[in-house]
Amino acid sequence: MISLQHYLALGAILFAIGVVGVLTRRNAILILMAIELMLNGVNITLIAFARHAGNLTGQIFVLFIITVAAAEAAVGLALVIALFRGRDTLNVDEIHLLKW
Amino acid sequence: MMTDLLITIVKILVVFGVYLTMVAYLSLVERRVSAFIQDRRGPNRVGPFGLLQPLADGLKFMFKEDLIPHYVNRPVYLLAPLVALVPAFITMAVIPFGNTLPLFGRDIPLVIANVNIGFLYIFALTSMGVYGVVLAGWSSNSKYSLIGGLRASAQMISYELSLGLAAVGVLIVAGSLRLPDIVAAQSGLRWNFWMQPLGFIIFLIAVFAETNRLPFDLPEAEPELVGGYHTEYSSMKFAMFFMAEYANMLTASAVVVSLYLGGWQVPYLEQAGLPPLLLSLAQVLAFVLKVGVMLFFFVWVRWTLPRFRYDQLMRLGWKITLPLAILNIFYSGYLVVAKWV
Amino acid sequence: MDLSFLFFYLFAAVAVGAALVVVLNRNILHCAMALVLMFFAIAALFLMLGAEFIAAVQVLVYAGAIMVLFLFVILLIQIDRVQMLRFAHRQSPLVVIIAVLLLAELLYMIIRGTLGIAPGGADAAAAGAASGSTEAFGALLYTTYLFPFEVASVLLLAAMIGAILLARLDKEEVGGVSRQDMS
């Protein structure tokens, strides 16, 4: 039987890869994708715990995470389109109007 | 254990064989029916009534030169036709095409895989169909293809909502996600077609949009986009998109029949006192016939209605079918609460 | 027994490989496709963990809706015009160090740490699987977690309105006036 630790380790690895993606990519769309990556790492962890603990609460959490991810993607992509219309770029380094 | 495996393999082979044959002959049916509607003759030269035409078409496709334009994104370009074709095929795995077949002293359920999330499986795979179109559109690196892919993605997201919400009504009434249960809940005259006419119409509209058939075939719209997403494809790769369209149509018909037209059920046939084997085969035949009627309907609509404009398509999807689908959910809830089903 | 290990490592490898492609590849569409592949691998792992419903939702929502939305935006703004952005960044060496540290810490905790959660009896999981965990899932969702469920619907409504407002072209903007006063 595959132990809980296997799944947790996989979740941690995916999360770490997602962190690298969010912090190094400069394309706004890719940053959003990397966030999805991190969320999936968390989902794996939650489902593995749900199996381990033998109840379904973890699965419910994952359902809510997926809901939030959908909302986040919709708003995030709307922002990307608005940005692209206004600034003609998706490079987050160039979007620094609020930076001091 | 071994016999179970063997039975499953035989079922897969039979279903796949029948399915592929039907896909091939669908192209002939479409051309003959369109000819009939337009008062022409249609292809009737190859074999009796043109029955060997699909074979001739297939051979022709194979011998055509396989052009791969130099400006395409090669890996994605090669992958796209497969991605378009596969989801339609594997969806068939959960569709029950009959009750149980009593053979050699055992009852063989006539469905390849009775998954307890069968309905969601269908929807998950249907939503994959769009990838073939979008990838083809993007990788071809041509403006017509790109616009085709863009339209396909927007169209499919929009209509998937109506599709899913319309079908929720069926789920509420059946109380199960298993396709065999959903079919079994429609025994006698309680087809969902009668119980939920509104849901049926919305589902049908959404299915037309999801399969990219006229009046919603904007992703390929030949007068404006040449061929839409498959403009840059030739030979067998084009044939794969062609097959994908008919395979999607066939799968969609099977889903509509299972959800709304009672699947393999024939009202009151069980009481006719047929021997079990004959009864079972009659039910399979009924399923095939119903699918055939749906397919004819698809072709009929294509050669009757004009194409929608893009903004009309979006307005219909978001402002008309979606609210009506939500209304249908309330109606289905009422059906259950009022114990009409 | 061994077969499940094989499948776990297969899907885990696919997921990690695809995730690396998402983070490292320069072609945004290849990244998107890799992400879809990763969603599928994770859905398969959910199946192995006995969460069929979540696996289906994962494919349906993530691969079928969210990624199609991403693709739509990628096609819409014709990314070729937006230069394939390079990976290198002034802060990237630092980021990699931080990420590796984070991963090391997490893995240490996972391997060495003690879990605060007692393993639930296998009977509970088995009962869930027998009755179709989808049914048990639905019952739990619509009773204990009804309030969060309703709140989620409000969240989705807010997101929908927000997305429409953000992406909408203003009337005067169509005339091309306000391009420069945004920058």
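Helices here are DSSP runs of H or I with at least four residues, and strands are runs of E with at least two. On that basis, chain B has twelve helices and two strands. Keep in mind that this is a predicted model.

Let me stay with chain B for a moment. In sequence order the elements run α-α-α-β-β-α-α-α-α-α-α-α-α-α. So three helices come before the two strands, and the remaining helices follow them.

Now the overall dimensions. The C-alpha trace of chain B spans about 60 × 45 × 45 Å along its principal axes. Its radius of gyration is 21 Å, and a compact globule of 341 residues would be near 20 Å, so the two agree. Of those 341 residues, 47% are buried. Take the contacts in chain B with a separation of 6 or more: 77% of them join residues 24 or more positions apart.

Next, one helix pair inside chain B. Two packed helices are described by the angle between their axes and the distance between the axes. The pair is H8(B), residues 197-210, and H12(B), residues 310-337. Their axes lie 9 Å apart, at an angle of about 140°. What does that angle make them? Angles over 145 degrees would count as roughly antiparallel. H8(B) and H12(B) are therefore oblique to each other. Their crossing is left-handed.

Who meets whom? From H8(B) we have Leu198(B), Gly199(B), Ile202(B), Ile205(B), Ala206(B) and Ala209(B). Across from them, H12(B) brings Gly317(B), Thr321(B), Leu324(B), Ala325(B), Asn328(B) and Tyr331(B). By class, that contact has eight nonpolar residues, four polar and no charged.

On to chain A. Chain A has three helices and zero strands. Its pattern along the sequence is simply α-α-α. The C-alpha trace spans about 50 × 25 × 20 Å. The radius of gyration of chain A is 17 Å, whereas a compact globule of 100 residues would have one near 13 Å. Buried residues are 56% of the 100 in this chain. Among contacts in chain A with a separation of 6 or more, 49% join residues 24 or more positions apart.

Now the assembly. Which chains share the most contacts? Two pairs of chains are in contact, and A with C shares the most. Chains A and B have no contact at all, and their closest C-alpha atoms are 12 Å apart.

First interface: A with C. Here 61 residues of chain A are in contact with 73 residues of chain C. On the chain C side, seven helices each give at least two residues, H1 through H7. They start with H1 at 2-24 and end with H7 at 146-167. H3(C) gives the largest share, eleven residues. The classes on the chain C side are 61 nonpolar, twelve polar and no charged.

Second interface: B with C. This contact takes 20 residues from chain B and 17 from chain C. On the chain B side, H4 (118-139) and H5 (143-174) each supply at least two residues. The largest share comes from H4(B), with nine residues. The class split on the chain B side is 16 nonpolar, four polar and no charged.

To wrap up, two points. Chain C touches chain A with a side that has no charged residues. The side of chain B that touches chain C has no charged residues either.

Definitions and conventions:
Residues numbered from 1 in each chain as written. Chains lettered and ligands numbered in written order. Predicted model: local features only at pLDDT ≥ 70, side-chain atom pairs only at ≥ 80, totals over all residues. Rg over C-alpha atoms; globule rule 2.2 N^0.38 Å. Buried ≥ 20, exposed ≤ 12 C-beta atoms within 10 Å, placed from the backbone. Contact = placed C-beta atoms within 7 Å. Nonpolar A, V, L, I, M, F, W, Y, C, P; charged D, E, K, R; others polar. Axes fitted to C-alpha atoms, helices over the stretch in contact; angles between N-to-C directions. Parallel < 35°, antiparallel > 145°, perpendicular 65-115°, else oblique. Left-handed = near helix turned anticlockwise from the far one by under 90°.
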